[in-house]
Every structure is written in C-alpha cells, then in structure tokens.
Amino acid sequence: MALTDAQWEWIARLMPTPRGNCTLPARQALNGWLFIAREGYGGGAAGPRRSGQHDHEGPPIRGGGSEAQEGQAICRSRGGLTTKLHVIVADDRLPLSMALSPGHAGDGPWGRTLIERHGRQAGRPQLVADRADDGRATRRCAAEHGWELVAPPHPNRHAASQRPLDRAAYRARNLVERFFCRLKRFRGIHVRYHKLDAVSLGIIHLACTHIMTKQRQHDL
C-alpha cells in the first residue's frame, strides 16, 4: 500500500516542515506509516525517524514509568487490554470527529464529548445514533448544539417517555458501520499495537485520509 501521485498532490501542502536531522522524504514516511497501519508491524525506520522520536541520542522523549502508562485510552478487561473508538461520520468514508477511550468507557458520555467538540450546527441536521445514546443527557446535549438526535429507545426507558423512531432516517446508521468495516481492513487499527493514544489516533487519521483521497481519485 502506497500513496498515488494524485493522493500525494492533495495532501503534500498539509505536511509539516521537517525537524531535527531527519532527511527522509515526507511521502516515504507516510508510506511507511501506511504499511504499519495496514499490517500492524514493520515499516523500517520510516515512522519513528520522521516523528522525531530518535532524532537525537539519549532516552526517549516520553518515559516508560507508571505515569507514561496512564491515560492512554487502554483498560484491562476479560478479553485483555481493550480500547474503543468513538466517531461521528458524514458518510462511510468521511469522519467528522473521533476520540479514543478505554474499552470499558460508556458510549453516552463520549458521544456527548464528540458532539461538544464538533460545535454547534446550523439548520438542525439529524444525528443518527445507537440506542446507547438515547439518554436524557445526550438528547439535551444534542439539542443544545443544534442536532436532531435519531436513536431507538433504550430498553430501560419507560414506555411513556419513549420517543417515536424515524425509521427512514435511522437506515443511515449503516454508514458508520460501513466506515468501521473500512477501518478494519487496517490490521494496525483493529488490533492496536501502539501504547500511546496519540500514535494510535494519528494512524487512524492517516488511514481515513488514504480512504477519502482514494475515493476522490476514483470520482474524478
């Protein structure tokens, strides 16, 4: 997997200025990270040297103590170490907002975090969500930020307080499922290999960029 000339032309202007003694071309570095995202390993020195992790002698930038192991969106459950990706998408290729959390984190609070992070909307667009987001706090947060929340009623909600479901609009729920199916093609994403949440989220952003620019190339 590698960036095509058309893909690189679209994203080259977004690349940061090289720092330190790094001489690796940006395109080659991105191709190395794409390989890591797709296979979950390898890539040689492309990723680390471009990120500045080994640009100088001495210990790593971030220590390996207990403090560095906390707050990396990882938790231990029956299945081992787990993490969860929360996302708002415009379609099956375009994410609008995303965040990583520990695997045991609830969907409702993180859904409200994404709504707040995405900002207030104009025109009251529909936000199709799962039944886990059918809580008073989430509905109130969505309304305050200009969204019309479309979600099936939660089983624990009293029948008198359940709102009717717009089934025609709820069919768009498959877009986020298709988005995750595309990401699962990248082994380095659906099997998390990196401890740092910033690195894991960066790889997810890179995979999404590859998916979006690849589709744009086909549309031309």
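**Exercise 1. Classify Arg173 as buried, partly exposed or exposed, and describe its salt bridges.**

Solution. Arg173 has a relative accessible area of 17%, and it is therefore buried, since buried means under 20% relative accessible area, exposed over 50% and partly exposed in between (1.4 Å probe, protein chains only). The model is a predicted one, in which local features need pLDDT of at least 70 and side-chain atom pairs count only at pLDDT 80 or more, while totals for chains, interfaces and linings use all residues. Residues are numbered from 1 along each chain as its sequence is written, and side-chain values use heavy atoms, with hydrogens and water left out.

Next, take the partners, with a salt bridge defined as a side-chain nitrogen of Lys or Arg within 4 Å of a carboxyl oxygen of Asp or Glu. The side chain of Arg173 forms one with that of Asp130 at 3.9 Å, N to O. This pair links distant parts of the chain, 43 residues apart, with Arg173 in the loop between helix 6 (167–170) and helix 7 (174–183) and Asp130 in the loop between strand 4 (126–128) and helix 5; here helices (H or I, at least four residues) and strands (E, at least two) are DSSP runs, numbered from the N terminus. Asp130 is partly exposed, at 31% relative accessibility. Arg173 also forms a salt bridge with Glu177, whose closest N and O atoms are 3.2 Å apart, and Glu177 is partly exposed at 41%.

**Exercise 2. Determine how the axes of helix 4 and helix 5 are arranged, and which residues meet.**

Solution. The axes, which are lines fitted to C-alpha atoms over the stretch in contact, with angles running from 0 to 180 degrees between N-to-C directions, come within 9 Å for helix 4 (residues 107–118) and helix 5 (residues 136–144), and they cross at roughly 5 degrees. Helix 4 is therefore roughly parallel to helix 5, because angles under 35 degrees count as roughly parallel, over 145 as roughly antiparallel, 65 to 115 as roughly perpendicular and the rest as oblique. With contact taken as heavy atoms within 4.5 Å, Gly108, Arg112, Ile115 and Glu116 of helix 4 meet Ala137, Thr138, Cys141 and Ala142 of helix 5.

**Exercise 3. State where His86 lies and what its side chain contacts.**

Solution. His86 belongs to strand 2 (residues 80–89) and is buried, at a relative accessible area of 7%. Its side chain makes a polar contact with the side chain of Ser101 at 2.7 Å, a polar contact being a pair of N or O atoms within 3.5 Å, of which, within protein, one must be able to donate a hydrogen and the other to accept it, and residues adjacent in sequence count only if both atoms are side-chain atoms.
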